[in-house]
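Let's take a walk through this structure together, one step at a time. Have the sequence and the 3D view open side by side as we go.

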Amino acid sequence: MTAGHPAQGKSVTVGADTDAERVLDTMQEHRIRRVPVIDGHRLVGMISEADLARHLPEDKVGHSVEEVCC
């Protein structure tokens, strides 16, 4: 199997200018814990739940973690 095989399908990304709450909503909607950050057509980083936990109120992050994990 090649690396591209399990990566089939539509990727979920966020823009570099997407606000943190929208990133959290995207993670929750797609039940993912990390999301690539794109600026134009260039990958500029990866954001995780832990990154967001440092910048958002605890109750918002806690609810999202429950949705993704359970």
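Two residues are in contact here when they have heavy atoms within 4.5 Å of each other. Keep in mind that the model is a predicted one.

With that in hand, start at Val14. Which residues is Val14 in contact with, leaving aside its neighbours within four places in sequence? They are Val23, Thr26, Val35, Pro36, Val37 and Ile38. Val14 belongs to strand β1, which covers residues 14–15, and Val37, one of its contacts, stands opposite Val14 in β2.

Now step back to see where these elements sit in the chain. There are three helices and three strands, and reading along the sequence gives the pattern β-α-β-β-α-α. Helix α1 spans residues 20–30, and β2 spans residues 34–39. Strand β3 takes up residues 42–48.

How do the strands come together? β1 and β2 pair in the parallel sense over two bridges. β2 and β3, by contrast, pair in the antiparallel sense, over six bridges. So you can orient yourself in that second pairing, look for Val35, which stands opposite Ile47 in β3; β2 therefore has β1 as a parallel partner and β3 as an antiparallel one, if strands count as paired from at least two bridges. β2 and β3 also form a hairpin, with two residues between them. In that turn, Gly40 has a positive phi of about 70°.

A positive phi turns up at another place that is worth a visit. Arg31 has a phi of about 55°, although Arg31 is not a glycine. You will find Arg31 in the loop between α1 and β2. Is Arg31 buried, partly exposed or exposed? With a relative accessible area of 45%, Arg31 is partly exposed, because the exposed class requires a value over 50%.

Next, turn to the interior. In soluble globular proteins, nonpolar side chains tend to be buried together. Here, the largest nonpolar core has nine residues: Val14, Val23, Leu24, Met27, Val35, Val37, Ile47, Leu52 and Leu56. Both α1 and β2 supply at least two residues of this core, and the largest share, three residues, comes from α1. Several names should be familiar by now: Val14 and Val37, opposite each other in the β1 and β2 pairing, are both in the core, and so are Val35 and Ile47, which face each other across β2 and β3.

From the core, move to the charged side chains. How many salt bridges are there? The count comes to two. One joins Arg22 to Glu29, with the closest N and O atoms 4.0 Å apart. Arg22 is partly exposed at 39% relative accessibility, whereas Glu29 is exposed, at 53%. In the other, the side chains of Arg54 and Asp51 meet with an N to O distance of 2.7 Å. Arg54 is exposed, with a relative accessible area of 59%, while Asp51 counts as partly exposed at 23%.

Finally, look at the chain as a whole. Of its 70 residues, 21% count as buried. The accessible surface comes to about 5,200 Å², and 50% of this belongs to carbon and sulfur atoms. Among contacts between residues at least 6 apart in sequence, 36% join residues at least 24 apart.

Terms used:
Residues are numbered from 1 along each chain as its sequence is written. This is a predicted model: local features need pLDDT of at least 70, side-chain atom pairs count only at pLDDT 80 or more; totals for chains, interfaces and linings use all residues. Side-chain values use heavy atoms; hydrogens and water are left out. Helices (H or I, at least four residues) and strands (E, at least two) are DSSP runs, numbered from the N terminus. Buried means under 20% relative accessible area, exposed over 50%, partly exposed in between (1.4 Å probe, protein chains only). Accessible areas come from the Shrake-Rupley method with a 1.4 Å probe; for residues, only the protein chains shown count as cover. A nonpolar core is a set of buried Ala, Val, Leu, Ile, Met, Phe, Trp, Tyr and Cys residues joined through side-chain atoms within 4.5 Å.
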